[in-house]
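Subject: Structure handover

Hi,

Here is the structure for you to look over. My notes on helix packing and sheets follow below it.

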Amino acid sequence: MKVLVTGCQGFIGSNLVVHLQSQGHEVIGMDNCEDTRREVPCELIIHNIETPIPIKNDFDRVYHMSADNANSKTQGTTQMSTTRSNTLQTINALDFAVKNKSHFIYPSSALIYNTDYQTFDKPLTPLREDLIFPAKPDKGYGWEKLYGLLLVQHYGKETGMPYCTPIFHAIYGPGLDIDFKAKVIGAMCRKIFESDSELKIWGDGSQVRSFLYIDDLMKGLDVLVTKNIQEPINLGSDTAVTMSEVADMLLKISGKALKKVYQPAEPTGCWKRCSDNTKIKKLTGWSPEMALMDGLRKTYDWVTKALSS
């Protein structure tokens with residue numbers, strides 16, 4: 001099978017290239033190659049997907065992994081550029097996929113969920129797919145990912161293009177970003193590695209997330225695509241942890257006795273976010289296999305090697 005992976009030099013995209021190749025697929029990658037250091041073992045087409053894709057579509061599948069995504073630190077200042085860029089990228093990827101009715105895989109984000117369910121003063125509500133509407137996504141990125149999901153549905157309905165719309169929840173693992181783009185686990189691993197005295201944690205440590213290991217994501221994607229499941233469906237972990245608990249796990253793994261220093265004034269994102277996996281278990285039988293402690297150990301080991309080289 002011939003496959004196009006946009007955003008192939010990102011964390012998820014680069015892992016996806018290797019995963020698909022291991023299954024015997026012919027994989028072509030596409031990326032704009034700006035501010036990235038990941039090498040991918042496939043043919044690479046350099047192209048900014050904010051403009052129409054200029055190559056012939058003879059692809060069986062298009063995995064649209066390309067997206068600008070802000071972390072908690074940059075969310076407040078990059079909403080215009082992120083929302084504009086991602087909308088253009090999705091439209092151009094869809095226009096390309098429709099030409100050959102390629103199976104279009106579009107990952108949405110947990111940020112599409114109504115933020116009223118995720119505030120600090122309410123009990124933890126695992127996010128079921130029926131809680132997407134009424135819509136109140138998290139900032140511009142959340143609105144853009146929800147709009148993209150609706151676009152994919154309309155393209156599929158009106159053209160017959162097959163599609164898949166998984167909702168990703170906080171993916172981590174070896175190869176994750178540890179530079180200015182780093183999310184919480186990548187940033188925390190780096191802070192622990194580079195410090196001999198303290199670990200600074202944004203917020204008060206009580207923020208809740210659920211984290212999915214990259215290998216489990218790949219297996220979940222395979223199941224959804226193979227079964228041709230088109231409805232929005234969570235692809236995440238249903239094990240909720242606080243940031244303090246994640247910090248304790250990583251400190252134990254590192255062997256360092258750092259003092260945890262909380263920074264309530266720093267950005268925290270939504271307070272409580274956890275996947276509800278009822279639907280995906282019912283429809284596919286899939287559930288994550290990697291325990292969080294084991295996944296964090298593999299990730300921290302990778303980070304230490306990357307920063308030591």
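Helix H4 (residues 184-194) packs against H8 at about 60 degrees, and their axes are 10 Å apart. Note that this is a predicted model. Angles from 35 up to 65 degrees fall outside the parallel and perpendicular ranges, so H4 and H8 count as oblique to each other. The crossing of H4 past H8 is right-handed. On the H4 side, the contact uses Ile185, Cys189, Arg190, Ile192 and Phe193. On the H8 side, they meet Leu296, Thr299, Tyr300, Val303, Thr304, Leu307 and Ser308. By class, the contact of H4 with H8 holds 8 nonpolar, 3 polar and 1 charged residues.

H8 (residues 292-308) has a second partner to look at, helix H6 (residues 243-254). The axes of H6 and H8 come within 10 Å and cross at roughly 55 degrees. H6 and H8 are therefore oblique to each other. H6 also passes H8 in a right-handed crossing. From H6, the contact takes Met249, Leu250, Lys252, Ile253 and Ser254. From H8, it takes Leu292, Met293, Leu296, Arg297 and Tyr300. The contact of H6 with H8 divides into 7 nonpolar, 1 polar and 2 charged residues. Leu296 and Tyr300 of H8 are listed for H6 and also for H4.

Now the sheets.

An open sheet of 6 strands runs in the order S3-S2-S1-S4-S5-S7, with parallel pairing. Its edges are strand S3 (43-46) and strand S7 (163-164), each paired on one side only. Strand S2 (residues 26-31) pairs with S3 in the parallel sense over 4 bridges. Asp31 sits opposite Ile46 in S3. Helix H5 (residues 214-226) lies across strand S4 (61-64), strand S5 (103-105) and S7. H5 runs at about 145 degrees to S5.

Another open sheet has 3 strands, in the order S6-S8-S13, and its pairing is parallel. Strand S6 (108-109) and strand S13 (233-235) are the edge strands, and each pairs on one side only. S6 and strand S8 (residues 166-168) run parallel and are joined by 2 bridges. Ser109 stands opposite Phe168 in S8. H5 packs on this sheet as well, touching S8 and S13. The direction of H5 makes about 155 degrees with that of S13.

Which strands does H5 lie across or touch in the two sheets? They are S4, S5 and S7 in one, and S8 and S13 in the other.

Best wishes

Terms used
Residues are numbered from 1 along each chain as its sequence is written. This is a predicted model: local features need pLDDT of at least 70, side-chain atom pairs count only at pLDDT 80 or more; totals for chains, interfaces and linings use all residues. Side-chain values use heavy atoms; hydrogens and water are left out. Two strands pair if DSSP finds at least two bridges between them. Contact means heavy atoms within 4.5 Å. Axes are lines fitted to C-alpha atoms, for helices over the stretch in contact, and angles run from 0 to 180 degrees between N-to-C directions. Angles under 35 degrees count as roughly parallel, over 145 as roughly antiparallel, 65 to 115 as roughly perpendicular and the rest as oblique. A crossing is left-handed if the near helix is turned anticlockwise from the far one by less than a right angle, and right-handed if clockwise. Ala, Val, Leu, Ile, Met, Phe, Trp, Tyr, Cys and Pro count as nonpolar, Asp, Glu, Lys and Arg as charged, and the others, Gly among them, as polar.
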